[in-house]
Amino acid sequence: MANRLSQWIKKELRRHFTIMLVPHSGFKPMRFSFSVSFLIFLFCFWTGLTIWAGYLSSKHIDYWRVRAEHSLIKLRMTLLAKQLNQSREYLDQVKENDNQIRELLELKSKKSIIVEEGKGGPSEKEIEKLELYLSGKLEITPEELHKQALKLKEISKTRLNSISEILTTVDRQRSLYRATPNIWPAEGRITSGYGFRIHPVHGTFELHSGIDIAAPRDTPIVATADGRVVFTGWSEGYGKLLIVDHGHNYKTLYGHLNKIICKQGDMVKRGDIIAAVGDTGTSTGYHLHYEVKFNDKILNPKRFLDEDNFFAKK
C-alpha cells in the first residue's frame, strides 16, 4: 500500500502544466511548461522569501522603535538633569536664607549641621565635565543622574534638619518669651522697691523680696506671662496670695490681694486678670506685693518691667 502511494506521488510530481501566452499583436504565442514539483518548490521558495522579508522588516521597525525610545529617554534624562540642577539652585538659596536666619538667631548648631568657613573648589572630574558641557559633548548617563539624585537627597536632608532645628529654636524662644514676665502686673506707682530696707511694720532691716505697687482697692491685677496657677490661698505676711508657674523655671507671686479671680490649676495668658489689689496680710495700705523668681531664686522684678507699658507709673 505504501509503495503504491509513493509511486502515485512520484507520478503526480512529474506531471507538467503548460501555460500559453497569446499576444493580441503580431508576436508569436509563448508557451511555458512547468512540472508540479517545480511549482511546489517555487511556492515554498516564495513563502520562505516572504517570511524572511517580513522578519527583516520587523527587525528594522524594532530598530527604529528602540532608537526613538532611546531618544525619548535621553530627552527625559536631560529634562530631569535640568530639574535637578534647578532644585540644587533652590537649595542653595535655602542655604543662604538658612545662614542669615542663624546669624539673626545667633544659632550655633549642636548637631551635625555645621556652618564652616568658606573654602572649596571644583575637582578634576568637575572641571572635565564643564569642558565637555561647553563643547556640547556631555552625555548624561543614568548613573550620573542617580548620583545627582542621591547627592540632592543628602543636601535636602541636611537643609530639612537645619530648618527643623531653626523652627525648634524659634518655638523654644517663643515659649521662653511667653514664659518671661515682661509687663506691669497692675496700674499704680512703686512705693517700695526690691532690696534691703527697714520693714514698715516690724521696723527691722531686711531684704524686700519684691516691689510694692500702690493702687486703689480692687484695681485689676494681670498675669505678667503665660503660665499655670499653682497656689491660691492665705500665706502669713503675704495675706491672700497667688502664685503662677510660667515654665522655664519662672514663677511670679502676687500678695496682699483683696480677691482672687482664678483657681489653682487654671491656665492663664499674659494680660489675663487674675486678682484684685487689697490690703491683706502684713500691710500698711492697699497695694500689690509682686515677686519674680527664677530657679526659685528671687530676682528684682523691675528688671522685667517695661517703662513704656501703659501700666507703668514713675
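How many bridges join β6 to β13, and in which sense do the two strands run? In this predicted model, the two strands are antiparallel, and the bridges between β6 and β13 number four. One residue pair in this arrangement is Asp212 with His289, the latter being the bridge partner in β13.

The setting is a protein chain of 314 residues, 27% of which count as buried. Its secondary structure consists of four helices and 14 strands. Among the contacts in the chain with a separation of 6 or more, 63% are made by residues 24 or more positions apart.

Strand β6 also pairs with β3, again in the antiparallel sense, and three bridges connect them. Here Arg189 has Ala214 of β6 as its bridge partner. The residues of β6 itself were examined for their direction and burial. Ile211 and Ile213 point one way from the strand, whereas Asp212 and Ala214 point the other way. All four of these residues are buried. In a regular strand, side chains alternate between the two faces of the sheet.

The loop between β5 (205-208) and β6 (211-214) contains Ser209. The relative accessible area of Ser209 is 14%, and Ser209 is therefore classed as buried, the cut-off being under 20%. Beyond its neighbours within four places in sequence, Ser209 is in contact with Tyr194, Tyr238, His289, Glu291, Ile298 and Leu299. With Glu291, the contact includes a polar one between the two side chains, at 2.6 Å. His289, also in contact with Ser209, is the residue of β13 that is bridged to Asp212.

His289 appears once more in the description of the second largest pocket. The space in this pocket amounts to about 400 Å³, and its lining comprises 20 residues. Two or more lining residues come from each of β3 (189-192), β5 and β13 (287-294). Nearest the centre of the pocket lie Arg197, His199, His208, His256 and His289. By class, 12 of the lining residues are polar, four are nonpolar and four are charged.

Taken together, these results connect the strand pairing with the pocket. Strands β3 and β13, each paired with β6, both contribute to the pocket lining. His289 is the bridge partner of Asp212, a contact of Ser209 and one of the residues that lie nearest the pocket centre.

Note on methods:
Residues are numbered from 1 along each chain as its sequence is written. This is a predicted model: local features need pLDDT of at least 70, side-chain atom pairs count only at pLDDT 80 or more; totals for chains, interfaces and linings use all residues. Side-chain values use heavy atoms; hydrogens and water are left out. Buried means under 20% relative accessible area, exposed over 50%, partly exposed in between (1.4 Å probe, protein chains only). A polar contact is a pair of N or O atoms within 3.5 Å; within protein, one must be able to donate a hydrogen and the other to accept it, and residues adjacent in sequence count only if both atoms are side-chain atoms. Contact means heavy atoms within 4.5 Å. On a 1 Å grid over the protein atoms alone, a cavity is a set of points where a 1.4 Å probe fits but cannot get out, and a pocket is an open set with protein on both sides within 12 Å along at least five of seven lines; lining residues have an atom within 4 Å of a point. Grid points are joined across faces, edges and corners, and a volume is the space filled by probe spheres set on the points. Ala, Val, Leu, Ile, Met, Phe, Trp, Tyr, Cys and Pro count as nonpolar, Asp, Glu, Lys and Arg as charged, and the others, Gly among them, as polar. Two strands pair if DSSP finds at least two bridges between them.
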